[in-house]
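Biologist: I am new to this model and would enjoy a close look at one part. Could you walk me through a helix and the charged pairs around its end?

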Amino acid sequence: MKKEKLKRLWLALGFLVAFILWTVLVKFVDVKPIGPKGSKVGLAAINGFFSGVIGKNLTLYVITDWLGLLPIATVLCFAVLGLNQWIKRKSLFKVDRDLITLGVFYIVVIAVYILFEVIVINYRPILINGYLESSYPSSTTMLVTCVMPTALMQVNSRVKNKHLKKFILYFIITFIAFMVIGRLVSGVHWLSDIIGGALFSIGIVTLYHCFVFKGV
């Protein structure tokens with residue numbers, strides 16, 4: 001078991017390092033003003049080509065935006081669960097360890113989101129209400145691929161009904177796939193934004209799994 005945990009740890013660190021390296025590439029390699037209002041975008045050849053192929057689908061953008069409320073609601077549910085345990089047990093240190101770790105996990109994700117709102121790597125391929133918006137990494141991709149897999153881990157450890165667990169598993173996998181693909185096809189992000197969000201999410205979710213759960 002220790003060997004498996006060590007493998008997951010190295011896997012997590014590998015993805016996080018890959019995210020850092022990918023971010024450096026996006027920031028400094030093949031940077032050209034191909035965005036709206038002449039905004040500069042890294043990996044311009046790849047991003048420009050892909051953006052030209054998929055075009056824009058604002059309907060899908062709106063749908064994925066609204067569906068992004070589901071991960072937020074999920075976060076609130078676990079926050080309420082943790083708060084309820086805190087009140088009943090009259091001590092933060094008596095709250096389930098995996099819930100406390102989950103809270104720290106959420107804080108890290110939010111911190112990374114804020115960081116890239118301050119340090120802009122690139123802007124969206126389209127204007128939103130006439131304004132340039134930070135695009136890297138895809139915040140929706142990060143939110144969905146960070147919150148939903150960790151929610152699945154929580155469900156697996158807390159729900160006993162096998163049929164319900166299987167239903168939730170299929171639902172979450174389908175939801176993640178739809179949101180990531182939908183966000184990509186909508187054309188409101190560069191390809192590098194989606195890849196960056198996915199690399200970070202896989203890394204940090206694997207790290208959370210490594211320290212909290214023996215298996216899913």
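Modeller: Gladly; here is a tour of one helix and its salt bridges. This is a predicted model, in which local features need pLDDT of at least 70, side-chain atom pairs count only at pLDDT 80 or more, and totals for chains, interfaces and linings use all residues. Residues are numbered from 1 along each chain as its sequence is written, and side-chain values use heavy atoms, with hydrogens and water left out.

Helix α6 covers residues 139-158 (helices are DSSP runs of H or I with at least four residues, numbered from the N terminus). From first C-alpha to last, α6 reaches 28 Å, close to the 28 Å expected at 1.5 Å a residue (the expected span is 1.5 Å times one less than the number of residues). Of its 20 residues, 15 are buried (under 20% relative accessible area, with exposed over 50% and partly exposed in between, using a 1.4 Å probe and protein chains only).

R158 in α6 is partly exposed, at 30%. R158 forms a salt bridge with D96, their closest N and O atoms being 3.2 Å apart (a side-chain nitrogen of Lys or Arg within 4 Å of a carboxyl oxygen of Asp or Glu). Because D96 sits in the loop between α4 and α5, this pair ties together parts 62 residues apart in sequence. R158 also forms a salt bridge with D98, at 2.9 Å. D98 belongs to helix α5, so this pair joins parts 60 residues apart in sequence. D96 is partly exposed at 22%, whereas D98 is buried at 15%. Together with R89, these three residues are linked in a network of salt bridges.

Definitions and conventions: Helices (H or I, at least four residues) and strands (E, at least two) are DSSP runs, numbered from the N terminus.
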